[in-house]
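Reader: I have a model open and would like to go through it with you. May I put some short questions?
Author: Certainly; please show the model and begin wherever you wish.

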Amino acid sequence: MGRLISEKYREWEAECKNRFETIKHNEEELNKIFIDIYNLKEELTPEVADKDVTVRLADKQREIKSLISYLIGVEIGRYSLDVEGLAYAGGEWNPMNYVTYQPDDDGIIPVYTQLGMQDGLTARIIGLIKHIYGDDTYRENIDFIAEALGKNTNESSEETLNRYLNDGFYADHLKIYQKRPIYWMFSSGKNNAFKCLIYLHRYNEDTLARINSKYFLNESARINAEVEDVRIQLETADGKDKLRLDKLYKMLIARQKEMIEYGQILDHMANQYINLDLDDGVKVNYSKFQSIEIVNDNGAKVKKDLLVPIK
């Protein structure tokens, strides 16, 4: 029998509430003592406002986002189902830390806007939820996760998760790590033509070349094929179908253009075999992949960020 995330959350919620009320009570008791000692009954009250208590209550959305971040860490090798705390944060990789569940072999996970891509982040997180909590409770668990993330009425729970991983997760990650991220999101730009996530501590000088050859070129070919397929459909379409396809075609053309420019920058940087010195800090190393300008084969200047900009 599988386990329900909702039950685990309720247990955590009760634990947090008990701890919160205990701390609040103790702080108020201490206030009473000091008020009596200094005879301040006319000036002060012992009550402590909830917002001033030094521990916090559980928050479903925050806890679910934290769970998703942990699951990503399991997928990418930072955490393990067999090891408490950090399983890998640099140094020598120990495969014996990952017996119950194997992380991604190269620490590079593509992030797709569409569902159904089995090597993508959403499919991997779904698979991990099933692995940890069981297939038989998957529907209850994914619905609970989606509700916490703010599920829209016109989307499935899987689509909600996919939307968050595409549009919300990295912004939350940057906030939690105070703009010094340990997971880096490579992104071709605002049209979301290509994105992938890597773990900083698994980066090496071949990472960009691997992103290029194993993930980017495949996605570029897929988008090119989709552009051609929609173009052919447009030739015989009419009415509302033609309007829908025309909108889709323009979006795909924009993504195709974005991919071409990003590919030129990615290929150029992959050939540099860039090393990182983590002693320099995340900010310095992150900047190595930002605002890169080249002159392409046509003599035109191309300038792009390889990573999502940190504002």
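Reader: Where does H7 bend, and by about how many degrees?
Author: The model is a predicted one. In it, H7 bends at Phe216, by about 40°.

Reader: How far apart are the end C-alpha atoms of that helix, H7?
Author: They are 44 Å apart. Helix H7 covers residues 207-236, which is 30 residues, and at 1.5 Å a residue it should span 44 Å, so the two values agree.

Reader: Which residues of H7 are buried?
Author: Among them are Thr207, Leu208, Ile211 and Asn212, then Tyr215 and Phe216. Phe216 is thus a buried residue as well as the site of the bend. Further along, the buried residues include Glu219, Ser220, Ile223, Val227, Val230 and Leu234.

Reader: And what do the buried residues of H7 pack against?
Author: They pack against three strands, E1 (108-110), E2 (183-187) and E3 (195-199), and against helix H8 (239-270).

Reader: Turning to the whole chain, how many helices and strands are there?
Author: The protein chain has 9 helices and 5 strands. From the N terminus, their order is α-α-β-α-α-α-α-β-β-α-α-α-β-β.

Reader: What is the radius of gyration of the protein chain?
Author: The protein chain has 24 Å, whereas a compact globule of 311 residues would have a value near 19 Å. Its C-alpha atoms fill a box of roughly 85 × 50 × 45 Å along the principal axes. Buried residues account for 42% of the 311 residues.

Reader: Let us move to E4: which residues are on its covered face, and which on the uncovered one?
Author: In strand E4 (residues 292-295), Ile292 and Ile294 form the covered face, while Glu293 and Val295 form the uncovered one.

Reader: How does E4 run relative to E5, and how many bridges join them?
Author: The two strands run antiparallel and are joined by 4 bridges; E5 comprises residues 301-304. Val295 stands opposite Lys301 in E5.

Reader: What lies between E4 and E5?
Author: The two strands form a hairpin with 5 residues between them. In the turn, Gly299 has a positive phi of about 85°.

Reader: One last residue: is Glu7 buried or partly exposed, and why?
Author: Glu7 counts as partly exposed because its relative accessibility is 42%, and the range for that class is from 20% to 50%. Glu7 lies in helix H1 (residues 5-37).

Reader: How far is Glu7 from Asn141?
Author: In sequence they are 134 residues apart; in space, their C-alpha atoms are 9.9 Å apart.

Notes
Residues numbered from 1 in each chain as written. Predicted model: local features only at pLDDT ≥ 70, side-chain atom pairs only at ≥ 80, totals over all residues. Heavy atoms only, no water. Expected span 1.5 Å × (residues − 1). Bend = angle between axes of the 7 residues up to and from the residue. Buried < 20%, exposed > 50% of the residue type's maximum accessible area, 1.4 Å probe, protein only. Contact = heavy atoms within 4.5 Å. Rg over C-alpha atoms; globule rule 2.2 N^0.38 Å. Pairing = 2+ DSSP bridges.
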